[in-house]
Amino acid sequence: MARVNVELKARDPNPEVTAARCLNLGAVAAGTLRQRDVYFRARHGRLKLRIQEEGAGELIAYHRPDGTEARKSTYVRAPAPAEVGEALDAALGTTVVVTKHRQLLLWEGVRIHLDEVDGLGSFVEFEAVLPDAGDLETARAKVARLRSELGIESDALVAVGYADLLLDDPQVLQRAAFEAMERAYAPYSQFKVGAAVRGASGAIYAGANVENVAYPQGQCAEASALGALVAGGETAITAVAVVAERLEVCPPCGGCRQRLSEFGEASTPVYLGPTTTTLGELLPGAFDREALA
Ligand code: THU
């Protein structure tokens with residue numbers, strides 16, 4: 001059965017102070033949890049498998065708009081063994097994995113989460129679960145009260161989920177490119193390259209250069225990554241990362257600039273080692289669809 005809650009999330013520079021304030025308000029400490037959430041490519045809303053301890057898992061499908069106001073989230077929870085994750089990964093593909101340490105406090109039907117998220121930092125999150133927290137209006141009022149009691153400023157509010165924050169992180173894309181680079185097949189040039197593109201769905205597709213004894217048959221890493229994108233059912237990219245083993249900043253070759261431009265916008269970011277550029281900067285005056293038309 002679908003359930004509803006009201007949520008608010010904010011960055012929290014000082015979790016100890018927040019915990020103390022919550023306890024002062026009468027919140028009850030309800031333990032700490034180590035959670036691993038695997039997000040799959042869903043057609044509607046979001047789908048994640050949450051594993052809290054080996055073997056025991058829960059599949060959670062939910063709809064929640066982005067925004068910094070207290071947001072209504074509708075969700076369905078179903079018990080699921082960890083193997084369900086393998087099946088969903090095979091069928092849908094994984095977009096991102098979020099691991100965190102969560103301290104749980106309970107206050108008037110509101111779950112207060114003090115989260116330490118791997119790669120992202122500390123956050124405080126309120127989840128006013130209906131009907132325990134009252135009706136929708138009461139739940140919103142409780143979240144507003146907690147926000148003001150904890151002194152959470154507007155600029156600390158986070159409009160999206162942890163998964164989205166991680167997906168926006170260039171380092172995640174660069175890591176995928178790096179892992180592909182390590183598997184590159186470059187026995188002739190000894191120049192290993194890895195590339196990763198983010199599809200519009202948020203999923204990452206990576207590829208490596210694949211050389212051949214007949215030299216011109218070799219393929220660049222970018223081309224391999226784009227092949228994976230298309231094979232994965234996508235034709236739009238929102239970011240690119242390229243890494244090479246022997247060069248801190250590996251400029252994509254001219255042909256690959258054209259290949260990448262086919263699927264991105266002039267403003268699409270391209271991460272090259274410590275520098276960030278765009279497809280438009282890499283290929284000004286590109287031959288594009290307009291030129292063809
Ligand atoms: N290479 C890429 O994979 N991408 C580029 O953008 C530049 C070059 C590869 C091709 C070849 O296998 C090796 O690097 C040396 O040219």
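User: Hi! Let's start with the ligand: what does the backbone of cysteine 253 do there?

Analyst: Happy to help. In this predicted model, a polar backbone atom of cysteine 253 sits 2.9 Å from an oxygen atom of the ligand.

User: And how much of the ligand does the protein bury?

Analyst: The protein buries 76% of the ligand's area, which is 370 Å² when the ligand is taken alone.

User: Which side chains come up to ligand oxygens? I'm curious about asparagine 209 and glutamate 222.

Analyst: Both have a distance to report. For asparagine 209, an N or O atom of the side chain is 2.9 Å from a ligand oxygen. For glutamate 222, the distance from a side-chain N or O atom to a ligand oxygen is 2.7 Å.

User: Which residues surround the ligand overall?

Analyst: The surrounding residues are Ser189, Phe191, Val193, Asn209, Glu211, Cys220, Ala221, Glu222, Pro252 and Cys253.

User: How does that shell split by class?

Analyst: Around the ligand there are 6 nonpolar residues, 2 polar ones and 2 charged ones.

User: Great, zooming out now. How many helices and strands are there?

Analyst: The protein has 9 helices and 13 strands. Its C-alpha trace spans about 70 × 40 × 40 Å along the principal axes. Of the 293 residues, 45% are buried.

User: How many aromatic pairs turn up?

Analyst: The count is 2 aromatic pairs. In one of them, phenylalanine 123 and tyrosine 162 meet edge-to-face, with 5.0 Å from centre to centre and 65° between the planes.

User: Where in the fold are phenylalanine 123 and tyrosine 162?

Analyst: Phenylalanine 123 belongs to strand 8 (residues 121-129) and tyrosine 162 to helix 4 (residues 162-167), so their pairing ties together parts that are 39 residues apart in sequence.

User: Buried or exposed, those two?

Analyst: Phenylalanine 123 and tyrosine 162 are both buried.

User: And the other pair, why is tyrosine 188 with tyrosine 215 called tilted?

Analyst: The planes of tyrosine 188 and tyrosine 215 are at 45°, so the pair is tilted; their ring centres are 5.6 Å apart. The cut-offs behind that are under 30 degrees for stacked and over 60 for edge-to-face, with the rest being tilted.

User: Does that one sit in loops? I mean, where are tyrosine 188 and tyrosine 215?

Analyst: Yes, loops on both sides. Tyrosine 188 is in the loop between helix 5 (170-182) and strand 9 (193-199), while tyrosine 215 is in the loop between strand 10 (204-208) and helix 6 (221-231). They are 27 residues apart, and the pair links distant parts of the chain.

User: What about their accessibility?

Analyst: Tyrosine 188 has a relative accessible area of 38%, so it is partly exposed. Tyrosine 215 reaches 60% and therefore counts as exposed.

User: Back to tyrosine 162: what lies over its face?

Analyst: Lysine 9 does, at 3.8 Å from the ring centre.

User: Which residue does the side chain of glutamate 7 contact?

Analyst: The side chain of glutamate 7 makes a polar contact of 2.9 Å with the side chain of arginine 64. Glutamate 7 is part of strand 1 (residues 3-11), and its relative accessibility of 7% is why it counts as buried.

User: Now the backbone. Where is the cis peptide bond?

Analyst: The cis bond joins leucine 130 and proline 131, with omega at about 5°. Proline 131 is in the loop between strand 8 and helix 3 (136-149).

User: Why would I look twice at a cis bond or a positive phi?

Analyst: Because most peptide bonds are trans, and most residues other than glycine have a negative phi.

User: Fair. So what is phi for glutamate 108 and for glutamine 190?

Analyst: Glutamate 108 has a positive phi near 50°, and its place is the loop between strand 6 (94-107) and strand 7 (110-117). For glutamine 190, phi is positive at about 55°; glutamine 190 is in the loop between helix 5 and strand 9.

User: How accessible are glutamate 108 and glutamine 190?

Analyst: Glutamate 108 is at 47% relative accessibility, so it counts as partly exposed. Glutamine 190 is at 47% too and counts as partly exposed.

User: Last one: how far is threonine 238 from glutamate 265?

Analyst: Their C-alpha atoms are separated by 7.9 Å, with the two residues 27 apart along the chain. Threonine 238 lies in strand 11 (residues 237-244) and is partly exposed at 39% relative accessibility.

How values were computed. Residues numbered from 1 in each chain as written. Predicted model: local features only at pLDDT ≥ 70, side-chain atom pairs only at ≥ 80, totals over all residues. Heavy atoms only, no water. Near = heavy atom within 4 Å. Polar contact = N/O pair within 3.5 Å; in protein donor to acceptor, adjacent residues only side chain to side chain. Areas by Shrake-Rupley, 256 points an atom, 1.4 Å probe, with all protein chains shown as cover. Nonpolar A, V, L, I, M, F, W, Y, C, P; charged D, E, K, R; others polar. Phe/Tyr/Trp six-rings, centres within 6.5 Å; stacked < 30°, edge-to-face > 60°. Helix = DSSP H or I, 4+ residues; strand = E, 2+ residues; numbered from the N terminus. Buried < 20%, exposed > 50% of the residue type's maximum accessible area, 1.4 Å probe, protein only. Lys NZ or Arg CZ within 6 Å of the ring centre and 35° of its normal.
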